[in-house]
Amino acid sequence: MELWTEYEGRTIDGAFPLTKLIRPEGRSAFFSTSNGVGGPTVIRLIESHFDDEEILVRWRGIQALNHPHLVKLIQFGRVTLDETSLVYAVMESVDANMGEIVAERRLTVQETRQVATSLASALDALHTNGFVHEHIEPANVLAVGEAIKLRSDCIRETPEGQEGRELKSKDARDFAVVLLQALTQKKVLDETKRDQPLEAPFDAIIRKGMSGEWGIPEIVAALRPDTEIRVEARPVAVKEPQTEKVAETPAELPTYPTHRVQVPVEVETRGIEGRRLAIGVGAMLLLLLIAFFVHGRWSKSSAAVQANSAVPAIVTEGSDAAPAPALEAPAAEAAPAVATPAAAAVTPVASVPERTTQGSGNGQWRVVAFTYNHEALAQQKVTTIAAKHPDLRPEVFTPNGHAPYLVVVGGTMSRDEAFAMVRKGRGEGLPHDSYAQNYRR
């Protein structure tokens, strides 16, 4: 967004003044602010594109982790400025970032070890708790007092399946590159021949991390001293007796009076067994009646469900779920989308999302690169992108017929095509926080 400067001087939630714009990043921006008690810090604003709750859930996850090597989020929430819905996060104050340091000098082996153990611990916690980072670079490795911390406002949930495994591997590769830059100020291993071999364990971590042979668990193990490894190998032999003790501990179980289950006279045993048999037969008959009743209700309702049921498509960014069928009845087929940016600017109403028929496999996925409050500015950005990258087919799109005006690329497509277009757009210079979203209603 190119008008973030308009927010300078405003105050968020009555406590965090937007002192100065530091850096815009697509639909988000960073401002200098105070931490609520007068100290300087940074606040990030993100324009909400129907995914504000998803973003807040991620930040709640970071807050719940409370990891010592992840930058703390002091406060976050929703706010509206000039009829624009935003989410914000205020971060703890940092003293420096590694990008500034390695631009001037290399880190010592001791400093690199501190960076490595801190980041490995943070990434291991993220991956274990269902998150990936995707933004591991020197500028996001921050010094907070004596601690080394990883930027935490940009994480997201780990997708399922192969995509999730690939993103975890990418985190490990990026981590290895950060260590290489720390020791050599280079990003490519072949350019560091005069610095090789690197000191252990960094030689193995960097080579195997960059090649994809090692992931975060292997890197964590390589950074761990031998004494710690031996200590962790012992619990295997002592866990079993501990488990048995827990099972036998009366404090873990509720206590009940024992006189109710005692049988004082042997003669009563046969009577009790008979009553048990009668109760069992009665229970079986009751279950059969319930089964016949449920079967009858299911048979009557299944046809109606097949004919009338429909679920609104609510698929958020990064979701692996297949788009659900639309709730409304089928609409008339829309005219083909015009790829020229000028047409999108003249008739933005035509870019309002269509209603699709139930069972359609194409979906209404779009890739959003920029957001504007004014249509003219959105059209200017479309013209600029079209001149440099006509194959991206940029256009102006509005989900509701008015602001915000989104600059989207690639037209409407399926989910897989949309995420492929996100990667393609980033490769051609679009903002890193470009994202795919299903606008089917």
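Here a trainee and a mentor talk through a predicted model.

Trainee: Let's start with the open sheet: which strands are its edge strands?
Mentor: The sheet has five strands, in the order β3-β4-β5-β7-β6, and the pairing is antiparallel. An edge strand pairs on one side only. That makes the edge strands β3 (20-25) and β6 (73-81).

Trainee: And how are neighbouring strands of this sheet turned against each other on average?
Mentor: Ignore direction for this one. The average for neighbouring strands is 25 degrees.

Trainee: Staying with β6, what is the bridge partner of Gln75 in β7?
Mentor: Strands β6 and β7 (residues 84-91) run antiparallel, with eight bridges joining them. Look in β7 for the bridge partner of Gln75, and you land on Val90.

Trainee: Which helix packs on the sheet?
Mentor: Look for a helix touching β5 (40-47), β6 and β7. Its direction makes about 165 degrees with that of β6. The helix is α1 (residues 52-65).

Trainee: How far does α1 reach from its first C-alpha to its last?
Mentor: Count 14 residues in α1. At 1.5 Å a residue you'd expect 20 Å, and the model comes close to that. The reach is 20 Å.

Trainee: What do the buried residues of α1 pack against?
Mentor: The buried set is Asp52, Glu54, Ile55, Leu56, Arg58, Trp59, Gly61 and Ile62. They pack against three strands of the sheet, β5, β6 and β7, and also against α3 (109-128), β9 (131-132) and β12 (156-157).

Trainee: Which residue just after α1 takes a positive phi?
Mentor: The phi there is about 50 degrees. The residue is Asn66.

Trainee: How many residues are in the largest nonpolar core?
Mentor: Nonpolar side chains tend to be buried together in soluble globular proteins. In this core, Trp59, Val115, Leu119, Phe175, Leu179 and Ile206 touch the most other members. Leaving out residues up to four places away in sequence, Leu119 touches Val141, Ile148, Leu150, Phe175 and Val178. The largest core has 47 residues.

Trainee: How many residues does the second, separate core have?
Mentor: Its members include Phe370, Ile385, Ala418 and Ala436. The count is 20 residues.

Trainee: Last one: is Val144 buried or exposed?
Mentor: Val144 sits in strand β10 (residues 141-144). Beyond neighbours within four places in sequence, Val144 is in contact with Glu92, Ser93, Val94, Asp95 and Lys149. Its relative accessible area is 16%, and the cut-off is under 20%, so Val144 counts as buried.

How values were computed: Residues numbered from 1 in each chain as written. Predicted model: local features only at pLDDT ≥ 70, side-chain atom pairs only at ≥ 80, totals over all residues. Heavy atoms only, no water. Helix = DSSP H or I, 4+ residues; strand = E, 2+ residues; numbered from the N terminus. Buried < 20%, exposed > 50% of the residue type's maximum accessible area, 1.4 Å probe, protein only. Contact = heavy atoms within 4.5 Å. Pairing = 2+ DSSP bridges. Axes fitted to C-alpha atoms, helices over the stretch in contact; angles between N-to-C directions. Core = buried A, V, L, I, M, F, W, Y, C linked by side-chain atoms within 4.5 Å. Expected span 1.5 Å × (residues − 1).
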